[in-house]
Amino acid sequence: MIDFIKGALLITGALFMLLAAVGLLRLPDLLTRMHATTKAAALGVILIMLASAMHFAEVGVVARSFAIIVFILMTAPVAAHVIGRAGYFVGSRLWSGTVKDELRPNYDPLTHELKSGLETQENAKRYPRDSDPD
Amino acid sequence: MTGAIWNLLLGLAWVLLSGDFTGLNLLVGMIFGYLALVLLEPQVDALKGYPARIPRFISFVGFFIKELVQANLRVAFDIVTPPWHMKPGVIALPLSARTEMEITMVANLISLTPGTLSLDVSDDRKVLYIHAMFLDNEDELRRNLKDMEHRALELFR
């Protein structure tokens with residue numbers, strides 16, 4: 001039974017990594033590629049680590065597997081965010097099927113200022129301050 | 001935080017006293033330590049709110065794993081079938097998270113679930129720009145993201 005679970009975990013983990021590789025080749029632009037590589041690969045590593053922890057079942061190996069899972073979960077999203085953000089602002093083009101882009105109109109490429117689009121509502125609202133003259 | 005440290009100390013004490021140095025026994029000790037802290041909570045101010053946090057944390061982890069697997073399968077399906085079903089786009093999500101720490105955690109969680117990638121935060125820290133892969137139903141996506149943000153914030157506050 002446990003052999004069966006271990007095998008299933010290893011195979012699905014490897015399959016997700018293969019999917020990440022296929023996605024990297026097939027997907028049309030940088031941002032969609034980031035979706036495939038970071039997350040599918042992270043899930044693949046997590047499944048394989050779970051399988052190895054189950055196989056060895058020793059304190060040292062289990063602790064190290066869990067440490068690897070925690071570090072992957074901590075670093076993968078940060079790397080994906082930084083690469084995606086840098087690519088977007090440097091001007092890598094989006095796929096032709098992209099349906100909307102709410103960031104572009106709020107970004108000023110000269111000053112690198114990124115507005116939230118909520119400024120007008122926010123400015124209209126004004127709360128009384130202590131320094132206001134009576 | 002004090003609660004977590006006390007829980008760990010009680011678990012270690014259990015391991016030392018029972019003399020069985022395995023991970024499983026540490027887990028048993030942590031569970032007994034947690035039960036002891038639940039009983040102590042009304043009398044010790046430093047432990048306020050700690051017992052309620054653990055079930056919330058476990059349910060959050062379960063919810064997150066479910067989202068992770070579901071979204072991964074969806075992306076995987078789109079990669080292996082020849083026509084593109086995806087409708088990618090960049091959306092602006094208003095944030096309820098206020099401090100830098102909260103925004104970092106929420107943005108990381110959103111990046112971790114496949115199909116959404118946080119791109120940038122606006123300069124006034126009010127809006128998170130997200131690249132989403134499936135915008136077929138934008139309202140539902142926004143509701144899901146807000147739900148996740150809400151659960152995560154409940155955990156940290």
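**Close-up views of a predicted two-chain model**

**View 1. Strands β2(B) and β3(B) run antiparallel, joined by five bridges.** Welcome to the first stop in this predicted model. Strand β2 of chain B spans residues 116–121, and strand β3 of chain B spans residues 127–132. The pair forms a hairpin with five residues between the strands. In the turn, B:Arg125 has a positive phi of about 60°, a backbone angle you may like to check for yourself. For a register mark, look at B:Asp120, whose bridge partner in β3(B) is B:Tyr129.

**View 2. On its other pairing, β3(B) meets β1(B) through six bridges.** Strand β1 of chain B covers residues 89–94 and runs antiparallel to β3(B). Two residue pairs help to fix the register here. B:Ala92 has B:Tyr129 as its bridge partner, while B:Leu93 is bridged to B:Leu128. B:Tyr129 is therefore a handy residue to centre on, because side chains in a regular strand alternate between the two faces of the sheet, and its neighbours can be sorted from there. The next view does just that.

**View 3. Strand β3(B) is mostly covered, with six of its six residues buried.** Which residues point one way from β3(B), and which the other way? B:Val127, B:Tyr129 and B:His131 make up one set. B:Leu128, B:Ile130 and B:Ala132 point the other way. Both sets are buried, B:His131 included.

**View 4. Four strands from two chains make one open sheet.** The strand order is β1(A)-β1(B)-β3(B)-β2(B), and the pairing is mixed. At the edges are β1 of chain A (100–101) and β2 of chain B, each pairing on one side only. The link between the chains is the parallel part: β1(A) and β1(B) pair in that sense over two bridges. If you want a residue to zoom in on, A:Lys100 has B:Gly89 as its bridge partner in β1(B).

**View 5. Helix α4 of chain B lies across β2 and β3 of the chain.** This helix takes in residues 100–112 and runs at about 150° to β2(B). From first C-alpha to last, its 13 residues reach 18 Å, close to the 18 Å expected at 1.5 Å a residue. Which residues of α4(B) are buried? They are B:Val106, B:Ala107, B:Leu109, B:Ile110, B:Ser111 and B:Leu112.

**View 6. The contact between the chains brings together 37 residues of chain A and 33 residues of chain B.** On the chain A side, the elements that give two or more residues are α1 (2–26), α2 (30–56), α3 (59–90), β1 and β3 (113–114). The largest share, ten residues, comes from α3(A). By type, this side of chain A divides into 20 nonpolar, nine polar and eight charged residues.

**View 7. A:Lys115 sits in the loop between β3 and α4 of chain A and touches chain B.** Not counting residues up to four places away in sequence, A:Lys115 touches A:Asn106, B:Ser122 and B:Asp123. Why is A:Lys115 partly exposed? A:Lys115 has 17 C-beta neighbours inside 10 Å, whereas a buried residue needs 20 or more. As a distance to try in your viewer, the C-alpha atoms of A:Lys115 and A:Pro105 are separated by 8.9 Å, at ten residues apart along the chain.

**View 8. A:Ile72 lies in helix α3 of chain A.** A:Ile72 counts as partly exposed because it has 19 C-beta neighbours inside 10 Å. Leaving aside neighbours within four places in sequence, its contacts are A:Ala42, A:Val45 and A:Ile46. A:Val99 makes a useful landmark: A:Ile72 and A:Val99 are 27 residues apart in sequence and 31 Å apart in space, C-alpha to C-alpha.

**View 9. Chain A follows the pattern α-α-α-β-β-β-α along its sequence.** Four helices and three strands are found in this chain. Of its 134 residues, 26% count as buried. Among contacts in chain A with a separation of 6 or more, 61% come from residues 24 or more positions apart. The average pLDDT of chain A is 81, and 87% of the residues score at least 70. Where is confidence lowest in chain A, and where is it highest? It is lowest in helix α4 of chain A (residues 119–124), with a mean of 56, and highest in α1(A), at 89. Predicted coordinates should not be read in detail where pLDDT is low.

How values were computed: Residues numbered from 1 in each chain as written. Chains lettered and ligands numbered in written order. Predicted model: local features only at pLDDT ≥ 70, side-chain atom pairs only at ≥ 80, totals over all residues. Buried ≥ 20, exposed ≤ 12 C-beta atoms within 10 Å, placed from the backbone. Pairing = 2+ DSSP bridges. Contact = placed C-beta atoms within 7 Å. Axes fitted to C-alpha atoms, helices over the stretch in contact; angles between N-to-C directions. Expected span 1.5 Å × (residues − 1). Nonpolar A, V, L, I, M, F, W, Y, C, P; charged D, E, K, R; others polar. pLDDT = per-residue confidence, 0-100.
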